[in-house]
Amino acid sequence: MKFLKIIDLIFYITLTNLIIYDFFPNNILSNVIPRSWNVWLMIAVIVFLLIFRHYYDMDRIESVTRQTSSFLYFLGLIIVLTLLGGTSDSGIGLTDIGMWVAAVMGIWEIFNSIRKIRTDKV
């Protein structure tokens with residue numbers, strides 16, 4: 001299932017590019033890779049992952065690890081882009097209440113998954 005991990009990597013790279021486009025709309029990257037290519041690639045990857053995800057059997061510990069690392073990566077990315085002077089056009093900045101509600105929900109889900117793992121071991 002290495003192929004699905006490569007698809008996951010493409011997903012994260014594409015999502016990172018879209019977030020960078022959101023914070024810095026007129027950057028050099030937008031001249032190299034057009035935003036529309038990233039959007040279509042993102043849609044294709046999501047459809048592919050929805051179709052083939054059931055072939056990739058992930059245990060709970062790996063799932064929690066992936067949730068945590070993804071959450072920390074994108075929160076860190078938003079913090080770095082904000083510190084670099086970018087402002088989000090779509091409102092996913094550090095001052096948006098919706099972003100913090102989503103962050104709290106993500107943290108809650110991670111802690112619930114960890115709690116389930118611990119109770120299953122007992």
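Select Asn17 to begin: at 11% relative accessibility, this residue counts as buried, because the cut-off for that class is under 20% relative accessible area. The model on display is a predicted one. Asn17 belongs to helix α1, which covers residues 2-23. Next, display the residues around Asn17. Apart from neighbours within four places in sequence, Asn17 makes contact with Leu29, Ile33 and Asn38.

Proceed now to the largest pocket, whose volume is about 240 Å³. Helices α4 (60-83) and α5 (97-121) are the elements that contribute two or more residues each to its lining. To show the lining, select Gln67, Ser70, Phe71, Phe74, Leu75, Ile78, Met99, Ala102, Ala103, Gly106, Glu109 and Ile110. Colouring this selection by residue class gives eight nonpolar, three polar and one charged.

Then isolate α4. This helix comprises 24 residues, and the distance from its first C-alpha to its last is 34 Å, close to the 34 Å expected at 1.5 Å a residue. Within α4, select the buried residues: Val64, Arg66, Ser70, Phe74, Leu75, Leu77, Ile78 and Leu81. When viewing this selection, it is useful to recall that an α-helix has 3.6 residues a turn, so residues three or four places apart point the same way. Ser70, Phe74, Leu75 and Ile78 are among the buried residues of α4, and these four residues also appear in the lining of the largest pocket.

Finally, move past the end of α4 to Gly85. This glycine follows the helix and has a positive phi, near 100 degrees.

Notes. Residues are numbered from 1 along each chain as its sequence is written. This is a predicted model: local features need pLDDT of at least 70, side-chain atom pairs count only at pLDDT 80 or more; totals for chains, interfaces and linings use all residues. Side-chain values use heavy atoms; hydrogens and water are left out. Helices (H or I, at least four residues) and strands (E, at least two) are DSSP runs, numbered from the N terminus. Buried means under 20% relative accessible area, exposed over 50%, partly exposed in between (1.4 Å probe, protein chains only). Contact means heavy atoms within 4.5 Å. On a 1 Å grid over the protein atoms alone, a cavity is a set of points where a 1.4 Å probe fits but cannot get out, and a pocket is an open set with protein on both sides within 12 Å along at least five of seven lines; lining residues have an atom within 4 Å of a point. Grid points are joined across faces, edges and corners, and a volume is the space filled by probe spheres set on the points. Ala, Val, Leu, Ile, Met, Phe, Trp, Tyr, Cys and Pro count as nonpolar, Asp, Glu, Lys and Arg as charged, and the others, Gly among them, as polar. The expected span of a helix is 1.5 Å times one less than its number of residues.
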